[in-house]
Amino acid sequence: MQIINCKMSYIFGDNIVFTTELKNNDYKIDIETSGNILSANMQTNKDFRDFKIEFYLKIDKKYTTLITNGYQTWIPAHKLSENKKPSKIGSFIIKNIYKGTGLEYISNFNDDKTVSSSYGFCYLKENNSDNILLFASLDEKDTFTKFNYDFERNVLKIIRDFKGSSINKNFNLIKLIKIEENYDNAVNKLKELYKINDDNKAQKRLIADSTFSEYGNKINEKIINSKIHRLQKDYQMFIVGDGYSVNGYDLFSIDCKRFPKGLKSIVDNIHAKGIKACLWIAPFAISPLSKSFSKYQDLVVKQNEKPVTTCPFWNNSYSLDITKNESIEYLKNLFDLIINDWGFDAIYCDCMYMAGSVPLQGKTSAMLISDAINLIRELTKGTTLILGGVPFLSAINNCDYISISPDTKNNWNNPFDKLLPEFPLSIKSNVKGLIHKKILDDLYFSICTIPNNKKIKSKLLSLIAANCRNLIIPENMLKQTTYPAKFKLNEE
C-alpha cells in the first residue's frame, strides 16, 4: 500500500492539536504496510483525548467505481463513479430542521453525511473486469473505520476517530487489509479473516413474514392471528412488529384493548403452525411517551444533566445508558419477559446503534455498541437473534442474522430522496441500492425486508431474492396472485 500522507488531531490539556508528525517528544506512531496489511501503533505516556488519525492511500486509476457500505446495515450502499457532493439544501435540513430529533445520531457522530462515505469496508471495481480492490478493517472494537474516495486525485482517505476515549499508553490505531482479487476470491478471503464459518449455521433459506410491511404499527390480536392463519408452508418464522404497546414504544405496557389475551396467545398460535415466533424490539430506546417512562427516565443517556434525543421514532426517543447497572437489570427483565413469560424463540433487536449514539464513561461509540451486543447475546442464549440498525462488522459472529434493509413507509417515490440520498424514505431508492449490498449477504447471514408494494413485480422480486438469500416477505408474494406475479423460491 502506498501511503502518501497521514494527519492527526487530538485534545491535549485544553488545546486542540492538528499535526502530521509521526514522532515528537509526546508520542511515537509506527506505521507498517507489510504485505497487504496496514497497521499503526502509538506509543505515549501522555493523555490524548478524542484522537483522530487519517491515512491517505494512492489508488491505481484503473479502478473507476466505488461501492460503499453504510454506517448502519440499513443505510443505503452506493455505486459511485465520481465525487458526490452533498446537496446544500439537504445539508441545511439535516443540520437545522432535524437538529434535536435524533436523526443526527443515525450516521456517525454528526460527521459529513455524504453518499461517498463508507464504513468498515469498501471496494473499488475495475472496468470490464470482475477484479476488485477491497479495503476492510480487521478490528472495529475500539472505533469504526471510515473511508472517503477522491476520484479526481485517486486517493482513498481512511479515518479512525477515537472520539470519547483517551489514549495514554501503547495503543493499536488501525489494522486493515487490502485484497486485490476477483470478487468471489476477495469475499472468501475476507470471510477467512473474519473467521466466518458457514458450516456453523443452518444452510436452509430463512423465509419470514412480519406485521410491519403490511400494517406498520397499526396491529391488533385479530389482524395478527388472521395473518398467522394464512401463512404457507414456505415460512419458518413470523415476526410481530411494532405497535403492541399502549403509547409509544414500551414492552412493559402491552395494549390490553388491542391484545386482550396478551402476546403469549399470539406465540402459541405461531407455534401451532410449526414455526418460530419472533418479536421485534428496540432494546435501547426509551420513549418519553411510554407509560413506564417515569419509572425508567433516570436510565437514559444525558448530557449536561439533560436527556439526549438519539432517535427520531416514538416521539423522539432517548437511549438507554448501558454503563449503568440499573440498565443491565432493565434489559434482563425485558428479555426475561420476552423469552420466559411470552415464549418467543426469536428476537429481532433493532436500532442497536442507539447504545453508542453518545460516547460515555471514556468509551467510543464502537466500544459501547460492542458491549451492548455482547450483553444482548448473553441475555438471549438459546434464541435466534436478528440484529438491525447496527454497524455490519460489529454484528458479524455475534448474531444469527443481520438485517440489511430498512422498514420504509409504503411509498414508491419520495422527492426528499434527491435531497437526502443518505436517508432515503422511498421503497424505490432502498430497493435500488440493495444490489450494492450483495457483499453483505455474501459475507454473512443477512436478511432483507421486501415491502408490500405493487410496484415490486416478479422480475424485481427475483432480483432482490438473488441478492439476499434470507427474506422477510409478505404472504401475497409467495402464492399465485394476479399482481404481482407468482414468485418461486429457489432452494439452492
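Biologist: How many disulfides does the structure hold?

Modeller: The structure holds zero disulfides, a disulfide being a pair of cysteine sulfur atoms within 2.5 Å. This is a predicted model, in which local features need pLDDT of at least 70 and side-chain atom pairs count only at pLDDT 80 or more, while totals for chains, interfaces and linings use all residues. Residues are numbered from 1 along each chain as its sequence is written, and side-chain values use heavy atoms, with hydrogens and water left out.

Biologist: What makes the sulfur of cysteine 311 too far for a bond?

Modeller: The closest cysteine sulfur, in cysteine 351, is 4.7 Å away, and a disulfide needs the cut-off already given, so the sulfur of cysteine 311 is too far for a bond.

Biologist: Why is cysteine 311 counted as buried or exposed, and what is said of cysteine 256?

Modeller: Buried means under 20% relative accessible area and exposed over 50%, with partly exposed in between (1.4 Å probe, protein chains only). At 0%, cysteine 311 therefore counts as buried, whereas cysteine 256, at 58%, is exposed.

Biologist: Where is the place of threonine 44, and is threonine 44 buried or exposed?

Modeller: Threonine 44 belongs to strand β4, where strands (E, at least two residues) and helices (H or I, at least four) are DSSP runs numbered from the N terminus. Its relative accessible area of 11% makes threonine 44 buried.

Biologist: Which polar atoms does the side chain of threonine 44 reach, and which residues does threonine 44 touch?

Modeller: A polar contact is a pair of N or O atoms within 3.5 Å; within protein, one must be able to donate a hydrogen and the other to accept it, and residues adjacent in sequence count only if both atoms are side-chain atoms. A polar atom of the threonine 44 side chain lies 2.7 Å from the backbone oxygen of aspartate 26, and the side chain reaches the backbone nitrogen of lysine 46 at 3.0 Å. Leaving out residues up to four places away in sequence, threonine 44 touches Asp26, Tyr27, Ile167, Asn168, Lys169 and Asn170, contact meaning heavy atoms within 4.5 Å.

Biologist: How do the side chains alternate along β4?

Modeller: Leu38, Ala40, Met42 and Thr44 point to one face and are buried, while Ile37, Ser39, Asn41 and Gln43 point to the other face and are not buried.

Biologist: Why is β3 said to stand at an edge of the sheet?

Modeller: The open sheet has seven strands in the order β3-β4-β14-β10-β9-β6-β7, with antiparallel pairing. β3 (27-32) and β7 (79-80) each have a single partner strand, so one side of each is left without a neighbour in the sheet.

Biologist: What makes β3 and β4 a pair?

Modeller: Two strands pair if DSSP finds at least two bridges between them, and β3 and β4 (residues 37-44) have six, in the antiparallel sense. Among these partners, isoleucine 31 is matched with alanine 40 and glutamate 32 with serine 39. The two strands form a hairpin with four residues between them, and glycine 35 in the turn has a positive phi of about 60°. Six bridges also join β4 to the antiparallel β14, where leucine 176 is the bridge partner of leucine 38.

Biologist: Which residues of helix α4 are buried, and against which elements do they pack?

Modeller: In α4 (residues 221-230) the buried residues are Glu221, Ile224, Lys227 and Ile228. They cover an arc of only 135° around the axis, which puts them on the same side of α4, the arc being that of the directions from the helix axis to the C-beta atoms. These buried residues pack against β15 (207-210), α3 (212-215), β16 (237-240) and α5 (264-272), while the face turned away carries the exposed Lys222 and His229.
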